[in-house]
Amino acid sequence: KLRRKLSECMKYIENNCGKTIELSELAKIGGMSEEHLCRIFKTYTGLRPFEYINGIRIQRAKEYLCINKDMTVSEIGKTLGFQSSSYFGMVFKKSTGFTPAAYRKLYR
C-alpha cells in the first residue's frame, strides 16, 4: 500500500516536473503527512522528494539539450520548473559535472 502511494507521487512528479511542486501536494496525493512522506521517500528511493524532483528535471534537461536545438538553456530551465537559470545551471552541473551549454556541445 505504501509503495502504491509512493508510486502515485512519483508519477505525479514525472507528469508535472515543469511546474512548482509543493511537498504538501505530494503528501496529499500520498495520503500522509509531509514528514511521513519524506521518510517513506528516503526509505524507498534513497532520495528526499526534492532530490528526486530535481533528478527527473535533470534527466529531461539532458533530453531537451540534445533534441531541442532551438531552445536556449534558460528556456529549458524554465520549462522544467527551475526558478532561475543560475539555479538550473548549478543543479545541472552538480548532477552531471557539466554546465548545460557544455553538455549540449558535447552530446550534439
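Me: Is Ser95 buried, exposed or partly exposed?

Reply: The words are cut-offs on relative accessible area: buried is under 20%, exposed is over 50%, and partly exposed is in between (1.4 Å probe, protein chains only). Ser95 has 49% relative accessibility, so it counts as partly exposed. Before we go on: this is a predicted model, where local features need pLDDT of at least 70, side-chain atom pairs count only at pLDDT 80 or more, and totals for chains, interfaces and linings use all residues. Residues are numbered from 1 along each chain as its sequence is written, and side-chain values use heavy atoms, with hydrogens and water left out.

Me: Where does Ser95 lie?

Reply: Look in helix α6 (a helix is a DSSP run of H or I, at least four residues; a strand is a run of E, at least two; both are numbered from the N terminus). Now find Gly55: Ser95 and Gly55 are 40 residues apart in sequence, yet their C-alpha atoms are 8.0 Å apart in space.

Me: How many helices and strands are there in the protein?

Reply: You'll find 7 helices and 0 strands. Reading along the sequence gives α-α-α-α-α-α-α. Along the principal axes, the C-alpha atoms fill a box of roughly 45 × 20 × 20 Å, and 35% of the 108 residues count as buried.

Me: What about Tyr87, which lies in helix α6: how far is it from Gly77 in space?

Reply: Tyr87 and Gly77 are 8.7 Å apart, C-alpha to C-alpha, with their positions 10 residues apart in sequence. Tyr87 has a relative accessible area of 36%, so it is partly exposed.

Me: Which loops hold Gln83 and Phe98?

Reply: Gln83 is in the loop between α5 (73-79) and α6, while Phe98 sits in the loop between α6 (85-96) and α7 (100-106). Gln83 counts as exposed because its relative accessibility is 63%. Phe98, at 30%, is partly exposed. Gln83 also has a partner to look for: its C-alpha is 9.9 Å from that of Lys19, although the two are 64 residues apart along the chain.

Me: How do α1 and α4 cross?

Reply: Two packed helices are described by the angle between their axes and the distance between the axes. Here the axes of α1 (residues 2-16) and α4 (residues 49-67) come within 10 Å and cross at roughly 40° (each axis is a line fitted to C-alpha atoms over the stretch in contact, with angles from 0 to 180 degrees between N-to-C directions). That makes α1 oblique to α4 (under 35 degrees is roughly parallel, over 145 roughly antiparallel, 65 to 115 roughly perpendicular, the rest oblique).

Me: How many salt bridges does the count come to?

Reply: The rule asks for a side-chain nitrogen of Lys or Arg within 4 Å of a carboxyl oxygen of Asp or Glu. By that rule there are 2 salt bridges. One joins Glu8 and Arg4, whose closest N and O atoms are 3.7 Å apart. Both residues lie in helix α1, 4 residues apart, which is about one turn of the helix. Arg4 is exposed because its relative accessible area is 51%, whereas Glu8, at 35%, is partly exposed.

Me: And which residue does Glu51 meet in a salt bridge?

Reply: Its partner is Arg48, at 3.2 Å from N to O. Glu51 is partly exposed, since its relative accessible area is 33%.
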